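Trainee: I would like to learn how to read helix packing and charged pairs in a model like this one. Could we go through it together?

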Amino acid sequence: MNLVIFDLETTGLSPYSEEIIQIAAVKMSGGRILEESAFSTYVDPGRRISSFITSYTGITNDQVRNAPPPAEALTAFSEFAGSGMLIAHNGRRFDLPFIRESCSRHGLSTREVGFVDSMAFSRQLWGGRGGHGLDAVMQRLQLRGDGVRRHDARGDVAILAEAVRRMWAALTPDFQSCPVPC
């Protein structure tokens, strides 16, 4: 099973009024993170990035100035993902709505794809204890995230890919089936 672990950074929290500013992804197959098969792009949101978002993500207006517009970036991400199963952390509430709304706003069609929110892995492993955000998962798995910037999609994808690998292995040691309803 080919997996595509991905993350987005955006200009704010609402998929209806905010825009994507970065997409990053990495593929995983057979329990192995395929670091050589990665995707990353900044996205020009067509507006200024607030100082709050820049301080949170590290993404500046200069970095997105010559980046592809949303339709081009989303098309490239779709081509990269192909028929792989998408995985994002809190993706059901955040990443997928942003992709759907951005596609709609920019005239792109969407397609049905397999998707798992990796928060489901955390809930299955640790129940209701202590939250299931990426920081809590990192702490439980003793992932340090050295050398990566949190809240930069590239850094979060690197951390999430390792977290998914470890959680999936704990839930389904043979990596042949999805440990939660897919």
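Mentor: Gladly. Let us start with a term we will need: contact means heavy atoms within 4.5 Å. Also keep in mind that this is a predicted model.

Trainee: With that in hand, what covers the buried residues of H4?

Mentor: The cover includes S1, S2 and H3, along with strand S4 (85-88) and strand S5 (115-117). The residues being covered are Asp95, Leu96, Pro97, Phe98, Ile99, Ser102 and Cys103, the buried ones of H4.

Trainee: At what angle do H3 and H4 pack?

Mentor: Helix H3 (residues 70-81) packs with H4 at an angle of about 125 degrees, and their axes are 10 Å apart. That angle makes H3 oblique to H4. As for handedness, the crossing of these two helices is left-handed.

Trainee: Which residues in H3 and H4 meet?

Mentor: On the H3 side look for Pro70, Leu74 and Phe77; they meet Ile99, Ser102 and Cys103 in H4. Then follow the chain a little further: just after H4, glycine 107 takes a positive phi of about 75 degrees.

Trainee: Now to charged residues. How many salt bridges are there?

Mentor: The general idea is that side chains of opposite charge can pair when their charged atoms come close. Here the count comes to 10 salt bridges. One of them is formed by arginine 105 with glutamate 19, with the closest N and O atoms 3.2 Å apart. Arginine 105 lies in helix H4 (residues 95-105), whereas glutamate 19 is in the loop between S1 and strand S2 (20-29), so this pair ties together parts that are 86 residues apart in sequence.

Trainee: Are the two partners, arginine 105 and glutamate 19, buried or exposed?

Mentor: Take them one at a time, with buried meaning under 20% relative accessible area. Glutamate 19 counts as buried because its relative accessibility is 2%. Arginine 105, at 36%, counts as partly exposed.

Trainee: What about salt bridges inside a single helix?

Mentor: The general idea is that an α-helix has 3.6 residues a turn, so residues three or four places apart point the same way. In helix H2 (residues 61-65), arginine 65 and aspartate 62 are 3 residues apart, so about one helical turn separates them. Their side chains meet in a salt bridge at 2.3 Å, N to O. Aspartate 62 is exposed, with a relative accessible area of 55%, and arginine 65 is partly exposed at 48%.

Trainee: Where does arginine 166 pair with glutamate 162?

Mentor: Both are in helix H7 (residues 153-171), 4 residues apart, which again puts about one helical turn between them. The closest N and O atoms of their salt bridge are 2.7 Å apart. Arginine 166 is partly exposed, with a relative accessible area of 31%, and glutamate 162 is buried, with 18%. Elsewhere, salt bridges that share partners join Asp135, Arg150 and Asp156 into one network.

Trainee: One last residue: is threonine 10 buried or exposed?

Mentor: Threonine 10 has 6% relative accessibility, so it counts as buried. Its place is in strand S1 (residues 2-10). The side chain of threonine 10 reaches the backbone oxygen of glycine 12 at 2.5 Å.

Trainee: Which residues is threonine 10 in contact with, leaving aside neighbours within four places in sequence?

Mentor: Those residues are Glu19, Ile20, Ile21, Ile53, Phe94 and Phe98. You have met two of these names already: glutamate 19 forms the salt bridge with arginine 105, and Phe98 is among the buried residues of H4.

Note on methods: Residues numbered from 1 in each chain as written. Predicted model: local features only at pLDDT ≥ 70, side-chain atom pairs only at ≥ 80, totals over all residues. Heavy atoms only, no water. Buried < 20%, exposed > 50% of the residue type's maximum accessible area, 1.4 Å probe, protein only. Polar contact = N/O pair within 3.5 Å; in protein donor to acceptor, adjacent residues only side chain to side chain. Salt bridge = Lys/Arg side-chain N within 4 Å of Asp/Glu carboxyl O. Axes fitted to C-alpha atoms, helices over the stretch in contact; angles between N-to-C directions. Parallel < 35°, antiparallel > 145°, perpendicular 65-115°, else oblique. Left-handed = near helix turned anticlockwise from the far one by under 90°.
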